[in-house]
Amino acid sequence: MYSPDRDQDLRWMQRAIALAALCPPAAGAYSVGAVIVSEDGTELASGYSREADPHEHAEEAALAKLPAGDARLAGATIYSTLEPCSQRRSPRTPCTQRILETGVPRVVIAWREPSLFVDDCVGVEQLAAAGVVVEELPELASAAKEANSHLGRLP
């Protein structure tokens, strides 16, 4: 499993934050960036919300760029500027479930999803319950929220 030091985690999250800034703003959705990093510290894929279609989430966009069953995911880390969703308003698979299906052992987030669109996001809890290591970088939460200024003031 990729186990970088804190400085590397911060650097990868800053890359994800830069991706979130590319999101087309949407009144009913967060702007999120995601980066998947291999066990050897190489970027495997990245994505951002609404990159290819209006309902696409960042983790979904990044994972779609890799072949199904990519063995490198077994040691990878996903950096996401926002807690992966545990439920969706669209009929698509929640990002938490997608991550669990890939076998990614580590997820790093900048902030947890507030109850703006979903009453109780439990992505972190679901990942942890399945044995995924989840880390939060609260010092970058404000920077991650900036891409979401179109939603008004966020907690």
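Let's start with S49: leaving aside its neighbours within four places in sequence, it is in contact with C23, P24, Y30, S31, V32, E56, H57 and A58. This is a predicted model, and S49 sits in its loop between β2 and α2. From there, the tour moves out to a mixed open sheet of 5 strands, a helix lying across that sheet and a pocket with about 460 Å³ of space.

**Around S49 and R50**

- S49 counts as buried because its relative accessible area is 3%, and buried means under 20%.
- R50 is also placed in the loop between β2 and α2.
- With a relative accessible area of 10%, R50 is buried too.
- The backbone of R50 has a quirk: its phi is positive, at about 60 degrees, even though R50 is not a glycine.
- That stands out because most residues other than glycine have a negative phi.

**The sheet**

- Reading across the sheet, the strands come in the order β2-β1-β3-β4-β5, and the pairing is mixed.
- β2 (43-48) and β5 (133-136) are the edge strands, so each of them pairs on one side only.
- On average, and ignoring direction, neighbouring strands here are turned by 15 degrees against each other.
- For a parallel pair, look at β3 (residues 77-82) and β4 (residues 106-111), which are joined over 5 bridges.
- One of the partnerships to look for in that pair is L82 with W111, its bridge partner in β4.
- For an antiparallel pair, look at β1 and β2, which are joined by 5 bridges.
- In that pair, V35 stands opposite S46 in β2.
- Although β2 is an edge strand, it is mostly covered, with 5 of its 6 residues buried.

**The hairpin turn and T42**

- β1 and β2 make a hairpin, with 5 residues lying between the two strands.
- Within the turn, G41 has a positive phi of about 85 degrees.
- T42 belongs to the loop between β1 and β2.
- T42 counts as partly exposed because its relative accessibility is 41%, which falls between the 20% limit for buried and the 50% limit for exposed.
- Setting aside neighbours within four places in sequence, T42 touches I36 and V37.
- T42 and A76 are 34 residues apart along the chain, and their C-alpha atoms are separated by 9.4 Å.

**The loop before β3**

- G75 is in the loop between α2 (58-64) and β3.
- This glycine counts as buried, since its relative accessibility is 4% and the cut-off for buried is under 20%.
- The C-alpha atoms of G75 and V104 are separated by 6.4 Å, while the two residues are 29 apart along the chain.

**The helix across the sheet**

- Helix α1 (residues 6-20) lies across β1 (33-37), β2, β3, β4 and β5.
- Relative to β1, α1 runs at about 135 degrees.

**The largest pocket**

- Rolling a probe the size of a water molecule over the atoms shows where empty space is left.
- The largest pocket holds about 460 Å³ of space.
- Its lining is made up of 24 residues, and G28, A29, Y30, H57 and R89 lie nearest the centre.
- By type, the lining divides into 11 nonpolar, 6 polar and 7 charged residues.
- Two of the names nearest the pocket's centre, Y30 and H57, also appear among the contacts of S49.

Terms used: Residues are numbered from 1 along each chain as its sequence is written. This is a predicted model: local features need pLDDT of at least 70, side-chain atom pairs count only at pLDDT 80 or more; totals for chains, interfaces and linings use all residues. Side-chain values use heavy atoms; hydrogens and water are left out. Helices (H or I, at least four residues) and strands (E, at least two) are DSSP runs, numbered from the N terminus. Axes are lines fitted to C-alpha atoms, for helices over the stretch in contact, and angles run from 0 to 180 degrees between N-to-C directions. Contact means heavy atoms within 4.5 Å. On a 1 Å grid over the protein atoms alone, a cavity is a set of points where a 1.4 Å probe fits but cannot get out, and a pocket is an open set with protein on both sides within 12 Å along at least five of seven lines; lining residues have an atom within 4 Å of a point. Grid points are joined across faces, edges and corners, and a volume is the space filled by probe spheres set on the points. Ala, Val, Leu, Ile, Met, Phe, Trp, Tyr, Cys and Pro count as nonpolar, Asp, Glu, Lys and Arg as charged, and the others, Gly among them, as polar. Buried means under 20% relative accessible area, exposed over 50%, partly exposed in between (1.4 Å probe, protein chains only).
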